[in-house]
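This report covers strand pairing, nonpolar cores and aromatic contacts in one protein chain. The sequence and the structure come before the details.

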Amino acid sequence: MARYTGPITKKSRRLKLDLVGGDKNFELRPFPPGQHGRRRIQEKEYLTQLQEKQKARFTYGVMEKQFLRYYKEAANRPGQTGHNLLQILETRLDNVIYRAGLARTRRQARQLVTHGHFEVNGKRTNVPSQRVEQYDIVTVRKQSVEAFPIQLARETFGERPVPAWLHVVPGSLKVLVHQKPTREQIDIPLTEQLIVELYSKN
């Protein structure tokens with residue numbers, strides 16, 4: 001299961017977007033890394049499109065090959081390709097755990113899923129890329145209720161707003177998927193049309 005394990009703050013600075021959330025190093029130095037980081041870069045169309053794709057990839061923790069598969073799936077669905085792509089990314093299980101407030105970051109959510117702390121509709125899963133559907137129920141395994149990350153999530157629940165397409169029962173941390181997210185409910189600062197234009201060239 002491939003994933004990016006390099007320095008994420010460098011990527012945040014390069015793409016001018018806090019990919020982690022609350023990254024103090026990014027806030028201190030919001031310019032590109034390297035000795036020429038403060039140099040003005042000529043904004044070309046291809047560069048803008050590529051950066052937008054990279055923002056989506058690193059925000060959701062997806063490798064290039066998998067991201068391309070998501071794009072092709074989105075293009076074959078009815079509706080706007082860009083909206084479909086974001087919906088696919090949002091309904092990944094690791095993102096749902098993060099959005100529900102059960103993890104501080106998507107990286108932590110991915111680790112919790114990989115360690116088998118969650119069940120989807122009563123079945124244990126350790127696949128972060130598993131997609132949730134409307135009316136799915138995500139629960140914490142009984143054996144994991146006392147785990148420190150789960151206890152911490154219970155204590156800090158409510159610090160971050162939960163999107164309307166999800167409902168979380170605070171006591172049990174049970175996550176109910178009301179519907180697939182709409183574009184208005186996805187607050188990632190992305191211009192998905194630029195990603196579509198980039199892939200349309202190939």
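## The S4–S5 hairpin

Strands S4 and S5 make a hairpin, with four residues lying between the two strands. Within the turn, Leu-173 adopts a positive phi of about 60°. The model is a predicted one. S4 covers residues 166–169 and runs antiparallel to S5, to which four bridges join it. Leu-166 stands opposite Val-177 of S5.

S5 spans residues 174–177 and has two unlike faces: Val-175 and Val-177 are on the covered face, while Lys-174 and Leu-176 are on the uncovered one.

## Pairing beyond the hairpin

S5 also pairs with strand S3 (residues 137–140); this pairing is antiparallel and has two bridges. Here Ile-137 is placed opposite Leu-176 in S5, a residue of the uncovered face of S5.

S3 in turn pairs with strand S1 (residues 118–120), again in the antiparallel sense, over three bridges. Phe-118 has Val-140 in S3 as its bridge partner.

## The largest nonpolar core

The largest nonpolar core holds 24 residues. Leu-93, Ile-97, Leu-102, Phe-118, Val-138 and Val-175 have the most contacts inside this core. Two or more core residues come from each of helix H6 (93–99), helix H7 (106–114), S1, S3, helix H8 (148–156), S4 and S5. H6 gives the largest share, four residues.

Leu-102 shows how this core draws on separate stretches of the chain. Leaving aside residues up to four places away in sequence, Leu-102 touches Ile-97, Leu-112, Phe-118, Ala-153, Leu-173 and Val-175. Among these partners, Leu-173 belongs to the hairpin turn, and Val-175 to the covered face of S5.

## A second core and the aromatic cluster

Another core lies apart from the largest one; it has 17 residues, including Val-62, Tyr-71, Leu-85 and Leu-86.

The count of aromatic pairs is two. In one of them, the rings of Tyr-71 and Tyr-199 have centres 4.6 Å apart and planes at 25°, so the pair is stacked. The two tyrosines are 128 residues apart and link distant parts of the chain: Tyr-71 is in helix H4 (residues 64–76), and Tyr-199 is in helix H9 (residues 192–200). Tyr-71 has a relative accessible area of 11% and is therefore buried. Tyr-199 counts as buried too, at 10% relative accessibility. Together with Phe-67, Tyr-71 and Tyr-199 form one aromatic cluster.

## Charges over rings

Two arginines have their charged ends over aromatic rings. The charged end of Arg-57 sits over the ring of Phe-58, at 4.9 Å from the ring centre. For Arg-160, the ring below the charged end is that of Tyr-98, with a distance of 4.2 Å to its centre. Tyr-98 falls within the residue range of H6 (93–99).

## The chain as a whole

The protein has nine helices and five strands. Starting at the N terminus, its elements follow the order α-α-α-α-α-α-α-β-β-β-α-β-β-α.

Of its 202 residues, 46% count as buried. Among contacts in the protein with a separation of 6 or more, 55% are between residues 24 or more positions apart. The exposed area of the protein is about 11400 Å², and carbon and sulfur atoms supply 50% of this area.

Note on methods: Residues numbered from 1 in each chain as written. Predicted model: local features only at pLDDT ≥ 70, side-chain atom pairs only at ≥ 80, totals over all residues. Heavy atoms only, no water. Buried < 20%, exposed > 50% of the residue type's maximum accessible area, 1.4 Å probe, protein only. Pairing = 2+ DSSP bridges. Core = buried A, V, L, I, M, F, W, Y, C linked by side-chain atoms within 4.5 Å. Contact = heavy atoms within 4.5 Å. Phe/Tyr/Trp six-rings, centres within 6.5 Å; stacked < 30°, edge-to-face > 60°. Lys NZ or Arg CZ within 6 Å of the ring centre and 35° of its normal. Areas by Shrake-Rupley, 256 points an atom, 1.4 Å probe, with all protein chains shown as cover.
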